[in-house]
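Reader: Hello! Could you take me on a close look at one part of this model, the strands that pair with one another in its core sheet region, and then say a little about the rest?

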Amino acid sequence: MAVAETQLYAKVSNKHRSKSTSALLESLLAKGFPAHIAQKALAATGQKTIEDAAKWLHSHCNDPSLDDPIPQEYALYLCPTGHLHNHLQEFWKESKRQCGKNRAHEIFPHVTLCDFFTCEDQKVELLYDILKRVGNSFLQRFPPAISLSLHSSTSYLGFFIGDSHANILKEFALAFSSEASALADCRVKPCQKQLHLTLAHKFYPHHQKTLEQLAKCINPGETCQWVAALYSRDMRFVHYQTLRALFQYKPQNIDELMINAGDFIYVDPTQQSDVSEGWVIGTSHRTGCRGFLPENYTERANESDTWVKHREYVFATASRFLTQTESEPNVKLNGEVHNPSTSRSVSNVLSLQLSQNATLRRGVLVMRHGEGVDQVFGKSWLQQCLTADGKYYRADLNFPSTLPKRKDSVKQFENDPPISCCGIFQSRLIGEALLDQEVTVSYVYSSPALRCIQTAQHVLQGLKLDQKIKIRVEPGLFEWTKWETSKVIPNFMTVTELAEASYRIDTNYRGNFPLSSLVPSESYEEFVSRSSAVIKQIIAACTSKGIILIVGHGSSLVSFIRPLIGLPTRDSSDFAQVVRKIPSLGMCFCEELKEENKWQMVNPPVKTLTHGANAAFNWRNGIVED
């Protein structure tokens, strides 16, 4: 394509076709909105249409921060489109599936030109004009194809941009930042470091090889249309976690948050320590309101999911206009762009990995116990179930119909609670799911806590292995004793009592840590040391192929898995934050890489189990009585 035609295409592509920003503002002012609030709505929605801004204003009518003069933060990114973008998206999906989420998944593929800066709402339109003007001035100098070379380390994988092309991009970023600083009164810092397009960041070192194999399927010279895009985000929630609502939740109390499916919620991890288990407190991106919501109604979202794209400048080059016969066509499968050459190459890598993994039969599946009665009815649950003469009765259908017989007082169950009827259902459902996936369980270990032993029993029933495999009760698997509210080690049922109560217990097994070795209120270092030692001893004792199932506590998923895969100990405060978010039957799975003499964490063999809360119902309230 001739240079003149290319420039003409760029001018057409970069022409803003919607109403001007001033016209949008005038429309909102005519509706009676104050100028500062109207400008805030336009900045929050990318200043695109009057409908978007009006919808935002309606949703934020109860937003306590609506009048606050807090501007948005803006960043300038260079983003690929076309075939290269499709290949990168395929890499994003496969790397997440095989190695789990890393920091790169938080944001779409991009090269940072100018990192985040603030701009007053009434001056944002100036940034649009600056982007267009600077883009036009650099159009003829923009390289037809940007030079990309793969770089890898133990915590980073990505493409570095060649120096000659990087210098042009840095000049473009500098020109934008200079004009933005002068005309829009913004403090903009252009990127002066090595320009790069990140593929993976802050991943586990043992995933490096897999990620490199997937990255080599990407052809950096693939057809690509580059665009300089201006994005914004809410600066108040930069260090928050972003959650996505899976279901609608209607508040039952005044301090709870109304959410719709698909809503994004900002959650500050440092403010969750005093929140009741199973709940979080957060701020709705859609409404700006704040309140409590059930955590199992949400899932983790990406950091950039709430960002707003304002304007983009398309760098049109001749390479953009390859005919369909010069490159393999893209077809849509299930609404997603699918590139045959990419899929074939990624499939080859997957096939190679599957063949390598075919001989790796030993794995460790660590899961938290099923729902305990104390989780539902509180620590004083037993008081609700005892008659005046101290006999147990079923006060709610979610209480077990009976309690196992034990020689000492029934009151000992208060510190060693059983699982609820829902917990029984959860455990059997997980066992059935493992059976459907043809998971071969060879060994079962359990914490001495009754809720863990019962979970293990019902998982084995779901697997149809309850008559074939016995449960090894290992005191060393008990949770951090500092978290025991009674400040003493619970008086657990003995192995003999458990066997007499029809639990499938291996009465010949002798634990690595006798009960007498458990110390009340042990230090975090003592707990970590105990956990690391017991997981290594279990692995050493189980030499046969198959899965080692360990049923423990929420803390087990962190304290056992990290030493197994060679990760350092978490800080105790971080540890507590992670553990409190692990739901009933939450699980982690590791497989052995025998030839490398190490273990790696992979996706569990079954899906997660999600369900909502069901509050107690008094038929008199509202039905009979006012």
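Author: Happily; here is a walk through a group of paired strands, followed by some notes on the chain around them.

This is a predicted model, in which local features need pLDDT of at least 70, side-chain atom pairs count only at pLDDT 80 or more, and totals for chains, interfaces and linings use all residues. Residues are numbered from 1 along each chain as its sequence is written, and side-chain values use heavy atoms, with hydrogens and water left out.

First, the setting. The chain has 17 helices and 20 strands; these are DSSP runs numbered from the N terminus, helices being H or I with at least four residues and strands being E with at least two. Of its 626 residues, 50% are buried, where buried means under 20% relative accessible area, exposed means over 50%, and partly exposed lies in between (1.4 Å probe, protein chains only).

Now to the strands. Strand β18 spans residues 546-552, and 7 of its 7 residues are buried. Strand β15, residues 362-368, runs parallel to β18 and is joined to it by 7 bridges; two strands count as paired if DSSP finds at least two bridges between them. Along this pairing, G363 stands opposite I547 of β18, and V366 stands opposite I550 of β18. Strand β16 (residues 441-446) is also parallel to β18, with 5 bridges joining them. Here V444 has L549 of β18 as its bridge partner.

β15 has another neighbour as well. Strand β19, residues 587-593, is joined to β15 by 5 bridges, and these two strands run antiparallel. The bridge partner of V364 in β19 is C590.

How well is β15 covered? Of its 7 residues, 7 are buried. In a regular strand the side chains alternate between the two faces of the sheet. In β15, R362, V364, V366 and R368 lie on one side and G363, L365 and M367 on the other, and all of them are buried.

The cysteines are worth a look too. The structure holds 0 disulfides, a disulfide being a pair of cysteine sulfur atoms within 2.5 Å. For C422, the closest cysteine sulfur is that of C421, at 7.3 Å, so the two are too far apart for a bond. C422 is partly exposed, with a relative accessible area of 38%, whereas C542 is buried at 0%.

At the surface, F617, W619 and I623 form a nonpolar patch with about 420 Å² of accessible area together. Patches are made of residues with over 30% relative accessible area and no salt bridge, joining like charges within 9 Å and nonpolar side chains (Val, Leu, Ile, Met, Phe, Trp, Tyr) within 5 Å; a salt bridge is a side-chain nitrogen of Lys or Arg within 4 Å of a carboxyl oxygen of Asp or Glu. W619 lies in the segment after β20 (598-602) and is partly exposed, with a relative accessible area of 49%.

Elsewhere, K216 lies in the loop between α8 (208-215) and β6 (225-234), and at 63% relative accessibility it counts as exposed. The C-alpha atom of K216 is 8.3 Å from that of L150, although the two residues are 66 apart along the chain.

Finally, the chain as a whole. Among contacts (heavy atoms within 4.5 Å) between residues at least 6 apart in sequence, 76% join residues at least 24 apart. The chain exposes about 30,700 Å², of which carbon and sulfur atoms supply 51%; accessible areas come from the Shrake-Rupley method with a 1.4 Å probe, and for residues only the protein chains shown count as cover.
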